[in-house]
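Before turning to individual side chains, it helps to have the overall fold in view. Please look over the sequence and the structure shown here, and then read the report alongside them.

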Amino acid sequence: MEKKKKNNWFLKLIGVLFVIYLSLTIAINTGYYEAKVNEKTIITEENMKKFEEDVKNGKEIDINDYIGETVKDYSSNTSKAGIKLAKVVEKFMAEGITDMVDILKKLFT
């Protein structure tokens, strides 16, 4: 009788952690993380000048009047598909990390 090879869970775990590390490194280096964080705090140069002018004139200032202005949409079908793919990967990674933590809790408790 031949012995079945045992699954090496440690190597699988290391592989999954490497994929997670690689994807997070790519997300950070491409600016995806910063773009998500700064998504609603866009201050255009025009709005900055308007803000400075209002400060000089002593007008009442509300920060919401200067941030979050819509930017021209330069997206194409390719970029839209890329964004959808990124959102799917982001959701998968978030759920995957949660599941991985649950598995590790079960292994070590």
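The report below goes from the overall layout to a helix pair, and then to a group of residues in and around one helix.

**Overall layout**

The structure is a predicted model, and its protein chain contains four helices and zero strands, so that the order of elements along the sequence reads α-α-α-α. Of the 109 residues in the protein chain, 6% count as buried.

**Helix α1 and its packing against α4**

Helix α1 has 21 residues, and the distance from its first C-alpha to its last is 30 Å, close to the 30 Å expected at 1.5 Å a residue. Just after α1 comes Gly31, which takes a positive phi of about 85°.

How do α1 and α4 pack, and at what angle? Helix α1 (residues 9-29) and helix α4 (residues 77-108) pack at an angle of about 145°, and their axes lie 12 Å apart; the crossing of the two helices is left-handed. On the α1 side the contact is made by Leu13, Val16, Ile20 and Ser23, while α4 contributes Met93, Ile97, Met100 and Leu104. Sorted by class, this contact of α1 with α4 has seven nonpolar residues, one polar residue and no charged residues.

**Helix α3 and the residues around it**

The 13 residues of α3 should span 18 Å at 1.5 Å a residue, and the end C-alpha atoms of the helix are indeed 18 Å apart, which agrees. Helix α3 is followed by Gly58, whose phi is positive, near 75°.

Two residues of this region, Asp54 and Phe51, belong to the helix itself: Asp54 is placed in α3 (residues 45-57), and Phe51 also lies in helix α3. Ile43, by contrast, is found in the loop between α2 (32-37) and α3. The table sets out their accessibility.

| Residue | Relative accessible area | State |
|---|---|---|
| Asp54 | 10% | buried |
| Phe51 | 27% | partly exposed |
| Ile43 | 39% | partly exposed |

Is Asp54 buried or exposed, and why? Asp54 has a relative accessible area of 10%, and because a residue under 20% is classed as buried, Asp54 counts as buried.

With which residue does Asp54 form a salt bridge? Its partner is Lys59, and the closest N and O atoms of the pair are 3.7 Å apart. That separation qualifies because a salt bridge requires the side-chain nitrogen to be within 4 Å of a carboxyl oxygen, and by this rule the count comes to one salt bridge.

Leaving out residues up to four places away in sequence, Asp54 touches Lys59 and Tyr66. With the same sequence neighbours set aside, Phe51 touches Ile61 and Tyr66, and Ile43 is in contact with Met48, Tyr66 and Ile67. Tyr66 is thus named among the contacts of Asp54, of Phe51 and of Ile43.

Distances to Asp65 add to the picture of this region. Phe51 and Asp65 are 14 residues apart in sequence, and their C-alpha atoms are 8.8 Å apart in space. Ile43 and Asp65 are separated by 22 residues in sequence, with 10.0 Å from C-alpha to C-alpha.

**In brief**

The predicted model has four helices in its protein chain, with α1 and α4 meeting in a left-handed crossing. Around α3, the buried residue Asp54 is joined to Lys59 by a salt bridge, and Asp54 also touches Tyr66.

Note on methods. Residues numbered from 1 in each chain as written. Predicted model: local features only at pLDDT ≥ 70, side-chain atom pairs only at ≥ 80, totals over all residues. Heavy atoms only, no water. Buried < 20%, exposed > 50% of the residue type's maximum accessible area, 1.4 Å probe, protein only. Contact = heavy atoms within 4.5 Å. Axes fitted to C-alpha atoms, helices over the stretch in contact; angles between N-to-C directions. Left-handed = near helix turned anticlockwise from the far one by under 90°. Nonpolar A, V, L, I, M, F, W, Y, C, P; charged D, E, K, R; others polar. Expected span 1.5 Å × (residues − 1).
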